[in-house]
Amino acid sequence: MEITKALKEDHKELKSMLDTINSSEDAVEIRTTFEAFAELLGKHSKAEEKVVYDALIGTGDDETEVDAHEGYTEHMLADTLLKKLKAGTDPLSAEWRAEAQVMQEILEHHIKEEEDTIFDDVKDNFESNEREEMGAAFEKLKEAVAV
Ligand SMILES: [Fe+2]
Ligand SMILES: [Fe+2]
């Protein structure tokens with residue numbers, strides 16, 4: 001699958017899981033959805049860094065490199081919040097709910113920037129056959145990476 005298409009599929013799933021997490025009142029449903037969310041986010045982000053961001057950093061184009069480093073920085077922020085959420089014991093507590101809402105805000109911003117900017121960087125720097133290969137590498141790495 002072409003890399004931007006593969007990324008977009010995950011983005012859609014991540015956003016939908018966050019909607020469930022932030023609208024449900026059922027602690028079991030929130031916890032189950034959060035576990036799946038944490039696993040997908042971890043795998044997606046690690047594979048995206050290696051296959052997409054590192055390739056963009058390798059282009060040598062200044063603006064493209066900044067976009068990729070911005071992605072790394074946002075992943076780091078999301079990861080910090082993910083660790084806090086994982087450590088929380090009550091998904092119905094005010095604190096956990098607030099953190100989950102901020103996670104949604106951060107990720108919606110991050111995903112929008114990826115789809116608006118990173119996708120263009122990828123299309124500007126890599127031919128269609130290369131983007132297909134990146135998609136295959138992304139799927140493979142996602143399976144292999146431990147989170
Ligand atoms: Fe992404
Ligand atoms: Fe990302």
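This passage describes the cavity and the iron site of a predicted model.

A search of the whole structure returned one cavity of 30 Å³ or more. The largest cavity holds about 40 Å³ of space. Its lining consists of His11, Leu14, Leu41, His44, Ser45, Glu48, His75, Leu107, His110, Ile111 and Glu114. By class, four of these residues are nonpolar, five are polar and two are charged. Three helices each contribute at least two lining residues: helix H1 (3–23), helix H2 (27–57) and helix H4 (94–125).

The iron ion (ligand 1) has four protein donor atoms. They come from His11 (NE2), His44 (NE2), Glu48 (OE) and Glu114 (OE). These donors lie 2.1 to 2.2 Å from the iron ion (ligand 1). His11, His44, Glu48 and Glu114 also appear in the lining of the largest cavity. Along the chain, the donors follow the spacing H-x32-H-x3-E-x65-E.

The geometry of the site was assessed next. Ideal angles are 109.5 degrees for four tetrahedral donors. At the iron ion (ligand 1), the angles among the four donor atoms run from 82 to 175 degrees. The site is therefore classed as irregular, since four donors count as tetrahedral if all angles lie between 85 and 135 degrees, and as square planar if opposite donors are over 155 degrees apart and all others between 65 and 115.

Two of the donors belong to helix H2. His44 and Glu48 are separated by about one helical turn, because they are four residues apart in helix H2. Both His44 and Glu48 are buried. Glu48 coordinates the iron ion (ligand 1) and the iron ion (ligand 2). These two ions are 3.1 Å apart.

Conventions. Residues numbered from 1 in each chain as written. Chains lettered and ligands numbered in written order. Predicted model: local features only at pLDDT ≥ 70, side-chain atom pairs only at ≥ 80, totals over all residues. Heavy atoms only, no water. 1 Å grid on protein atoms, 1.4 Å probe; cavity = no way out; pocket = protein on both sides within 12 Å on 5 of 7 lines; lining within 4 Å. Points joined across faces, edges and corners; volume = space filled by probe spheres on them. Nonpolar A, V, L, I, M, F, W, Y, C, P; charged D, E, K, R; others polar. Donors = N, O, S within 2.8 Å, 3.2 Å for Na, K, Ca; no water. Tetrahedral: all angles 85-135°; square planar, octahedral: opposite > 155°, others 65-115°. Buried < 20%, exposed > 50% of the residue type's maximum accessible area, 1.4 Å probe, protein only.
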